[in-house]
Amino acid sequence: MNYWLVKSEPFKYSWDDFVNQGTGVWDGVRNYQARNNLKAMQVGDLVFFYHSNEGLEIVGLAKVVKEAYQDPTTEDNRWVVVDLVPVEKLPKTVTLKQIKADERLKDIGLIKQMRLSVTAIKPEEFDIILGLAHD
DNA sequence: GCCAACGTTGGC
DNA sequence: GCCAACGTTGGC
């Protein structure tokens, strides 16, 4: 079981859009590192949903229900998508500010590789963030 | 809206 | 295969 964090710009695709839709096809990834992370996802992996540009906070938790397959939005077979479903809206959102302020989270992919839209989360980081969300 | 970070492209 | 130019992302 692995943990991940995906970013989305809320005016493009927000947590609420995701919940309304039920199943989210995570498409549009055009970055090799992010793609490799998508390929490494397994059914049941938990994924934080982060709002970039607006919000700047982790708003919800999702899980992988279908592993990487050809991105239907392109013919180019270099790119893949995964299917996600919502698990829960976090009782308290965890802001980028909080994450940056937390010494234990200073090596998190979200900060170290700010521009990567799909990053891996260590189990201990996952627990810390979930702890902050249920604080 | 600005700009830093960084990935990608293309000329050599 | 290097590296400058360019484009995109995302925090501020």
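Modeller: A polar contact is a pair of N or O atoms within 3.5 Å; within protein, one must be able to donate a hydrogen and the other to accept it, and residues adjacent in sequence count only if both atoms are side-chain atoms. This is a predicted model, in which local features need pLDDT of at least 70 and side-chain atom pairs count only at pLDDT 80 or more, while totals for chains, interfaces and linings use all residues. Residues are numbered from 1 along each chain as its sequence is written, chains are lettered from A in the order in which they are written, and side-chain values use heavy atoms, with hydrogens and water left out.

Colleague: What makes the pair formed by R115 and a base oxygen of DNA strand B a polar contact?

Modeller: An N or O atom in the side chain of R115 is 2.7 Å from that base oxygen of DNA strand B, and the pair therefore falls within the limit of 3.5 Å. R115 also has a polar side-chain atom 2.5 Å from a base oxygen of DNA strand C.

Colleague: Which atoms of Y50 and N53 pair with phosphate oxygens of DNA strand C?

Modeller: For Y50, an N or O atom in the side chain is 3.0 Å from a phosphate oxygen, whereas for N53 a backbone N or O atom lies 3.0 Å from one.

Colleague: Why is S14 called buried?

Modeller: S14 has a relative accessible area of 11%, and because buried means under 20%, with exposed over 50% and partly exposed in between (1.4 Å probe, protein chains only), S14 is counted as buried. S14 sits in the loop between β1 (3-8) and α1 (15-21).

Note on methods. Helices (H or I, at least four residues) and strands (E, at least two) are DSSP runs, numbered from the N terminus.
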